[in-house]
Amino acid sequence: MGQPEGMPSPASTGVTPPNPHAGQPFTDDDATIAAMLEDVSIPALMCAMVHVTGDPSWIRGDVKPTGLFLNEYQGFMDEATKAEARRRALPAIAAFRDGGCVLPPPPSRELLHEMMSYLACQEVDPAVEPMFIDDLQLDGADSGTITWGSEIPDAVRADAPVVVIGAGEAGVLAGIRLREAGLPFTIVEKNAGPGGTWYENRYPGARVDVGSHFYCYSFEPGDHWTEYFSQQPELQEYFERVMDHHDLRRHTRFETEVTGLRFDESQGRWSVDVRAADGTTETLDARFVISCVGSLNRPRWPDIPGIDDFAGPVFHSAAWDRSVDHRGTRFALIGAGASGFQIAPTIADEVAELTVFQRTAQWMFPNPNYHEVVGPGVPWALRHLPFYGRWYRFLLFWPACDGGLEAARIDPAYDSSDGRAVSEVNELTRQMFTEWITSQVGDDEELLAKVVPDYPATGKRTLQDNGSWLR
């Protein structure tokens, strides 16, 4: 039997590197700093200023977010408040620059709780606070790093080969941790490169619909994203870069598919059958198997009578046929989910006719940044303002989990007999989403009947929208 290749050395415990989240020193003049501040998130800036000055009054004054919703980076602050925050921050940042970018002592745990609650616009439950502290990584350390690899006896390490199935986001992470532990491992990936869904989905308009600055490993943050919701090429390139940074290619078999798994109870070992692109087969021996197989990488075709007899090109969004020139064609798009929301606006002006076949209308919430390019001030702040990037990540993290849950929670006492809402908060959410839809459609009752969902808002995945879908 083959063996997983490469037995790296356990992670070393050398000198602790400088905190990468504390920011790189800078010498930019005041005018440049002022220009950069035009792009930043003001709530995240206020928390960064606590680190810069050691003064908690930045989050205790009159510059406060009034509410958060998914991907709303400014906390619904008005323009005058944001301008005032920038005005106050500029001299303090300039003084920090002139002082050699030396940080005062870090905030206490109590102050960190206050800062989280400031950004969340509500008291953060102490029960979840450790999770957020862990993700913030304010000490500069990756809390998930395997530090006990050197404790594994050599004989145990040699007898513990691992096979990881898949080199998507989870598979790459598994490889990083296994390499830190010093265990022999092989990542088996059916595609020719890493990235999983971002390697396979290359349809027009493919992009992430979670904020880019949160859609990245906490220990490999992205100060390079060019869009708030990055497109497929940039996402795939990120996983390529991470894989190279952690030297995982030599542990990976690309264009190789796992065809079978057998476990030997008596030996406590796996036999992993693999097939390479040229058809050759092999069986790998493993003590452990980590399945990082995605749930959406096998296209599912709809059961439509006559689909096999259609004379024109037919392809799934996950296997977009790049050889087909769709320009000037009569194009049928089956499905109005997340992929359809991205494809249709991208090709609508290029095809002669676009017909969308929709089973279920989708709730969507307004997000003006959905197709927006990141201004130069964002990467500047991520690189130079101490811990700005960590609080900016929290600002995306919080409403994406706890913040959006309340609108979906069923209130047993609420009258939901009409099926339109399950709580008072859910009804307010429904009204907000409906107003966004009607503001684009107007009084066209026939069209409104097609595009306003008849089920409670947040009852299924809610889609990002900047107006491009209905337009």
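H1 passes H3 in a right-handed crossing, and this contact opens a briefing on a model that is predicted. The points below go on to a second partner of H3, namely H2, whose crossing with H3 is left-handed, and then to two open sheets, one built from four strands with parallel pairing and one built from three strands with antiparallel pairing. The last points take up individual loop residues, including Cys-121, which has a positive phi although it is not a glycine.

**Helix H1 against helix H3**

- Two packed helices are described by the angle between their axes and the distance between the axes.
- For helix H1, which covers residues 30-37, and helix H3, which covers residues 79-98, the packing angle is about 135° and the axes lie 10 Å apart.
- Angles over 145 degrees would count as roughly antiparallel and those from 65 to 115 as roughly perpendicular, and H1 and H3 are therefore oblique to each other.
- On the H1 side the contact is made by Asp-30, Ile-33, Ala-34 and Leu-37, while H3 contributes Arg-86, Ala-89, Leu-90, Ile-93, Ala-94 and Arg-97.
- Sorted by class, the residues in this contact of H1 with H3 are seven nonpolar and three charged, with no polar residue.

**Helix H2 against helix H3**

- Helix H2, residues 42-53, has an axis that comes within 11 Å of the axis of H3, and the two cross at roughly 30°, which makes H2 roughly parallel to H3.
- The crossing of H2 and H3 is left-handed, whereas H1 passes H3 in a right-handed crossing.
- From H2, the residues Ile-42, Leu-45, Met-46, Met-49, Val-52 and Thr-53 meet Lys-82, Ala-85, Arg-86, Ala-89, Ala-92, Ile-93 and Phe-96 in H3.
- The residues of this contact of H2 with H3 divide into ten nonpolar, one polar and two charged.
- Arg-86, Ala-89 and Ile-93 of H3 take part in the contact with H1, and these residues also meet H2.

**The parallel sheet**

- Four strands form an open sheet in the order S3-S2-S1-S7, and their pairing is parallel.
- The edges are taken by strand S3 (252-253) and strand S7 (288-291), each of which has a single partner strand, so one side of each is left without a neighbour in the sheet.
- Helix H7, residues 169-181, packs on this sheet and touches strand S1 (162-165), S2 and S7, and its direction makes about 170° with that of S2.
- S1 and S2 run parallel and are joined by four bridges, with Val-164 standing opposite Ile-187 in S2.
- Strand S2, residues 185-188, also pairs with S3 in the parallel sense, here over two bridges, and Ile-187 stands opposite Thr-252 in S3.
- In a regular strand the side chains alternate between the two faces of the sheet.
- In S1 both faces are covered, with Val-162 and Val-164 buried on one side and Val-163 and Ile-165 buried on the other.
- S2 likewise has both faces covered, with Phe-185 and Ile-187 buried on one side and Thr-186 and Val-188 buried on the other.

**The antiparallel sheet**

- Three strands form a further open sheet in the order S4-S5-S6, and here the pairing is antiparallel.
- S4 and strand S6 (281-286) stand at its edges, each with a single partner strand, so that one side of each lacks a neighbour in the sheet.
- From one strand to the next, the twist averages 25°.
- S4 pairs with strand S5, residues 269-276, in the antiparallel sense over eight bridges, and Leu-261 has Val-272 in S5 as its bridge partner.

**Residues in loops**

- Most residues other than glycine have a negative phi.
- Cys-121, which is not a glycine, has a positive phi of about 60°, and it sits in the loop between helix H4 (109-120) and helix H5 (129-136).
- Because its relative accessibility is 30%, Cys-121 counts as partly exposed.
- Glu-255 also has a positive phi, near 50°, and its place is in the loop between S3 and strand S4 (256-264).
- With 44% relative accessibility, Glu-255 counts as partly exposed.
- Lys-460 lies in the loop between helix H14 (445-451) and strand S11 (463-465), and at 37% relative accessibility Lys-460 counts as partly exposed.
- Leaving aside residues up to four places away in sequence, Lys-460 touches Thr-360, Gln-362 and Tyr-455.
- Lys-460 and Trp-398 are 62 residues apart in sequence, and their C-alpha atoms are 19 Å apart in space.

Technical notes. Residues numbered from 1 in each chain as written. Predicted model: local features only at pLDDT ≥ 70, side-chain atom pairs only at ≥ 80, totals over all residues. Heavy atoms only, no water. Axes fitted to C-alpha atoms, helices over the stretch in contact; angles between N-to-C directions. Parallel < 35°, antiparallel > 145°, perpendicular 65-115°, else oblique. Left-handed = near helix turned anticlockwise from the far one by under 90°. Contact = heavy atoms within 4.5 Å. Nonpolar A, V, L, I, M, F, W, Y, C, P; charged D, E, K, R; others polar. Pairing = 2+ DSSP bridges. Buried < 20%, exposed > 50% of the residue type's maximum accessible area, 1.4 Å probe, protein only.
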